[in-house]
Amino acid sequence: MRKVIVLAVALATVAMALPVHAADKRYPAAFVKSIKIDNPSGKTAWENKDFLDCQDVVLTVEDVFYALRHMRRVSKKSYLVPQAQETGCEGSALVTFKNGKILAIGIEPTGRISTAELDEALGPTTDPGSYYDCEPCNDRKMALLKDALNRADERRLKRLEAEGQIPPGQAELRLKALRESRDPKPVPRN
């Protein structure tokens, strides 16, 4: 009896966790016919090179497949909240499904995603578009971008040092601390 209860609790936990990042069933990754990256590294009006240079962020076909598998739909209001984490960078692609549906998708490294369905002539359909969040996409892309984030930190800290906003020699020390915070060393266990 105890094993049945443990199994039921485990199944309930898994069932609750799955929908958190379940993909939108309208756009199944298994039915993708083709993906064309039309803008691998675009800038928006909010690009902040002190945070991340958009040239360091390149959208790949693998990123699009990953997003299709993990994105979850959110409301426009929650997508556009002022507190949303934005890099000012976005890649875009056209995804064609086996049923003929074409999806224009814009993906930010933070996992913010916007979509619009297109017709065969690549004109908009009556679908108003959708907004998504993909936390696993954020984790995946930011792990790949550690080096780019380190370069952005170096530019920002050296500029602050040159402007006299931080003491001489502090840029290197702060940069080292930031790099270590992104890549902490495992603590040895005795």
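## Salt bridges, a disulfide and a few helices

With a relative accessible area of just 6%, D63 counts as buried, since buried means under 20%. Keep in mind that you're looking at a predicted model. D63 makes a good starting point for a tour.

So what does D63 pair with? Its partner in a salt bridge is R140, and the closest N and O atoms are 2.5 Å apart. This pair links distant parts of the chain: R140 sits in helix α4 and D63 in helix α2, 77 residues apart. Unlike the buried D63, R140 is partly exposed, with a relative accessible area of 27%. There's a third member too, as D63, R140 and K141 are linked in a network of salt bridges.

In general, side chains of opposite charge can pair when their charged atoms come close. How many salt bridges does a search of the whole structure find? It turns up 10. Here are three of them, with the N to O distance for each.

| Salt bridge | Elements | N to O distance |
|---|---|---|
| R140 and D63 | α4 and α2 | 2.5 Å |
| R72 and D133 | β2 and β6 | 3.5 Å |
| R179 and E154 | α6 and α5 | 3.6 Å |

Take the pair of R72 and D133, whose side chains meet in a salt bridge. R72 belongs to strand β2 (residues 72-74) and D133 to strand β6, so this pair ties together parts that are 61 residues apart in sequence. R72 is partly exposed at 31% relative accessible area, while D133, at 17%, counts as buried.

Next comes the salt bridge between R179 and E154. It links helix α6 to helix α5, with the two residues 25 apart in the chain. Both ends are partly exposed: R179 has a relative accessible area of 36%, and E154 has 25%.

Back to helix α2, which covers residues 61-70. Its buried residues are D63, V64, A67 and L68. They cover an arc of only 135° around the axis, which puts them on the same side of α2. What do they pack against? The list has four strands and a helix: β1 (32-43), β3 (89-97), β4 (102-107), β5 (112-118) and α4.

Helix α5 (residues 146-162) is worth a look as well. At 1.5 Å a residue, its 17 residues should span 24 Å, and the end C-alpha atoms are indeed 24 Å apart, so the two agree. Its buried residues are A148, L149, N150, A152, D153, L157 and L160. They pack against α4 (135-144) and α6 (170-182). After α5 comes G164, with a positive phi near 80°.

Now for the cysteines. A disulfide is a covalent bond between the sulfur atoms of two cysteines. The whole structure has one, formed by C134 and C137 with their sulfur atoms 2.0 Å apart. The link is right-handed, with 70° about the S-S bond. Are its two ends buried or exposed? C134 is at 0% relative accessibility and counts as buried, and C137, at 8%, counts as buried as well.

Last stop: S130, in strand β6 (residues 130-133). This serine is buried, with a relative accessible area of 1%. A polar contact of 3.1 Å joins its side chain to that of R26. Leaving aside residues up to four places away in sequence, S130 touches R26, R73, I113, S114 and T115.

Definitions and conventions: Residues numbered from 1 in each chain as written. Heavy atoms only, no water. Expected span 1.5 Å × (residues − 1). Buried < 20%, exposed > 50% of the residue type's maximum accessible area, 1.4 Å probe, protein only. Contact = heavy atoms within 4.5 Å. Disulfide = S-S within 2.5 Å. Arc of directions from axis to C-beta. Polar contact = N/O pair within 3.5 Å; in protein donor to acceptor, adjacent residues only side chain to side chain. Salt bridge = Lys/Arg side-chain N within 4 Å of Asp/Glu carboxyl O.
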